[in-house]
Amino acid sequence: MVILGIDTTCDDTSAGIVANGSQVLANVISSQYAAHEAFGGIVPMIAAREHTRQIGHIIRAAMQEAQVTFSDLDAVAVSNNQGLLLSLVVGVSAAKSIALACGIPLVGIHHLEGHIYSVLMAHEEVLRFPFLCLTVAGGHTLLLRVEDHGVYSLLGHTRDDAAGEAFDKVARRLGLGYPGGAAIEKLAKQGNAAAYAFPRPMITRSNLDFSFSGLKTAVMNLLDSAETFRKEDVAASFQQAVADVLVTKTLRAAKSEGLARIALAGGVAVNGLLRSQLTTEAAKRGCQVYLPAPSLCMDNGAMVAGAGYYLLRHRGADPLTIGVRANAPLGRLQVKYRHPAKYRSA
């Protein structure tokens, strides 16, 4: 089964072609970094405009790379839940047009499901249900128990800033530009992670929630008050604090849930320190960590196509009338992982 996946969730326009849920035939991503860099973050109207300008080119490029035509497609999957509203509209409109014109099934994908399935795509033979999934990116940081296809229960989530958001804000303050995660990781390799004793918020609390606002503020206070500092040391110390919190909370969740299989997903899952520290510490406790390919960590169409393959088989196609929601509950159990006021119909 060959599926086209489209993702316009935030600021990357992407289309991927995946065969049978795991064979990535193409994964084309058009970055908008240059359009947003001057603003230090994402401007929704600019993001939607760039998606509109690029979506046709990106879909054609993916199909050319995969050497398929529209007649070869068995379904089209698209991120329609969770993201920037105007950006989601662009991708969903394109997917609906293709599904209607080709007479093929349409599968709407929750953005977080795309990240979860990026790990299943790489480890479909060995990653069995149930498993623990740490999904960590700019817009979310949460721990999920994954029971089955489309069935999740929330164990913990961030109460304020997501980890990726903290990376971006600290990077901006350090003058590293956008996006911040990669810039901080690169700079941190030249620094001393023990140079500054930044706080590890909520790390000793028994719950499984996260908080990164206090850590971000501690970094800002240092930068405002210190007469001298090395950016490399600040970056390394901050990155280590984030990794310590994420790893500690994840292993605590694995123990409390009795799960030995841990998946790491989301944009921050590409971070080398987090990947190595989680893998090493989990192994000490008899747990196995499953990592997505780095190319599937950031927002991309291939993970959407992969999720579409599995969810089409387990829940069926969606009608051409599907809408978009900037904030949407997750999965069959309708997990709400943000403030209840954010969940409104669109």
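Which of the 48 residues in the largest nonpolar core touch the most other members? They are F198, F212, F238, L246 and I262. This structure is a predicted model, and the core is a good place to start reading it.

**The core**

In soluble globular proteins, nonpolar side chains tend to be buried together. Here the largest nonpolar core holds 48 residues. The elements that each give two or more residues to this core are β6 (131-136), α5, α6, α7 (213-225), α8 (231-257), β9 (261-265) and α9 (272-284). The biggest giver is α8, with 12 residues.

**Two pockets**

Rolling a probe the size of a water molecule over the atoms shows where empty space is left. The table sets out the two biggest pockets.

| Pocket | Volume | Lining residues | Nonpolar | Polar | Charged |
|---|---|---|---|---|---|
| Largest | about 1,300 Å³ | 50 residues | 18 residues | 19 residues | 13 residues |
| Second largest | about 330 Å³ | 21 residues | six residues | 10 residues | five residues |

Start with the largest pocket, at about 1,300 Å³. Of its lining residues, C10, A137, G138, G139 and H140 are the closest to its centre. Four elements give two or more residues to its lining: α4 (111-122), β7 (141-148), α5 (163-173) and α6 (180-188). The largest share, six residues, comes from α5. Both domain 1 (2-115 + 296-326) and domain 2 (128-294) supply at least three residues to this lining.

Now take the second largest pocket, with about 330 Å³ of space. The lining residues closest to its centre are N81, G108, R315, D318 and R325. Two strands and a helix give two or more residues to its lining: β4 (75-81), β5 (106-110) and α10 (301-315).

**Helix α4**

Helix α4 is one of the elements that line the largest pocket. How far apart are its end C-alpha atoms? They are 18 Å apart. At 1.5 Å a residue, its 12 residues should span 16 Å, so the two values agree.

An α-helix has 3.6 residues a turn, so residues three or four places apart point the same way. In α4, burial runs along nearly the whole helix: 11 of its 12 residues are buried, so α4 is largely enclosed by the rest of the structure. The buried residues are H111, L112, E113, G114, H115, I116, Y117, S118, V119, L120 and M121.

**Backbone exceptions**

Most residues other than glycine have a negative phi, and most peptide bonds are trans. Three places in this model break those habits.

A cis peptide bond joins F129 and P130, with omega at about -10°. P130 sits in the loop between α4 and β6.

Q82 is not a glycine, yet its phi is positive, at about 80°. It lies in the loop between β4 and α3 (85-102). Is Q82 buried or exposed? Its relative accessibility is 9%, and residues under 20% count as buried, so Q82 is buried.

Q334 also has a positive phi, about 55°, without being a glycine. Its place is in the segment after α10. At 42% relative accessibility, Q334 counts as partly exposed, because that value falls between the 20% and 50% cut-offs.

Definitions and conventions:
Residues numbered from 1 in each chain as written. Predicted model: local features only at pLDDT ≥ 70, side-chain atom pairs only at ≥ 80, totals over all residues. Heavy atoms only, no water. 1 Å grid on protein atoms, 1.4 Å probe; cavity = no way out; pocket = protein on both sides within 12 Å on 5 of 7 lines; lining within 4 Å. Points joined across faces, edges and corners; volume = space filled by probe spheres on them. Nonpolar A, V, L, I, M, F, W, Y, C, P; charged D, E, K, R; others polar. Domains from an automatic or database assignment. Expected span 1.5 Å × (residues − 1). Buried < 20%, exposed > 50% of the residue type's maximum accessible area, 1.4 Å probe, protein only. Core = buried A, V, L, I, M, F, W, Y, C linked by side-chain atoms within 4.5 Å.
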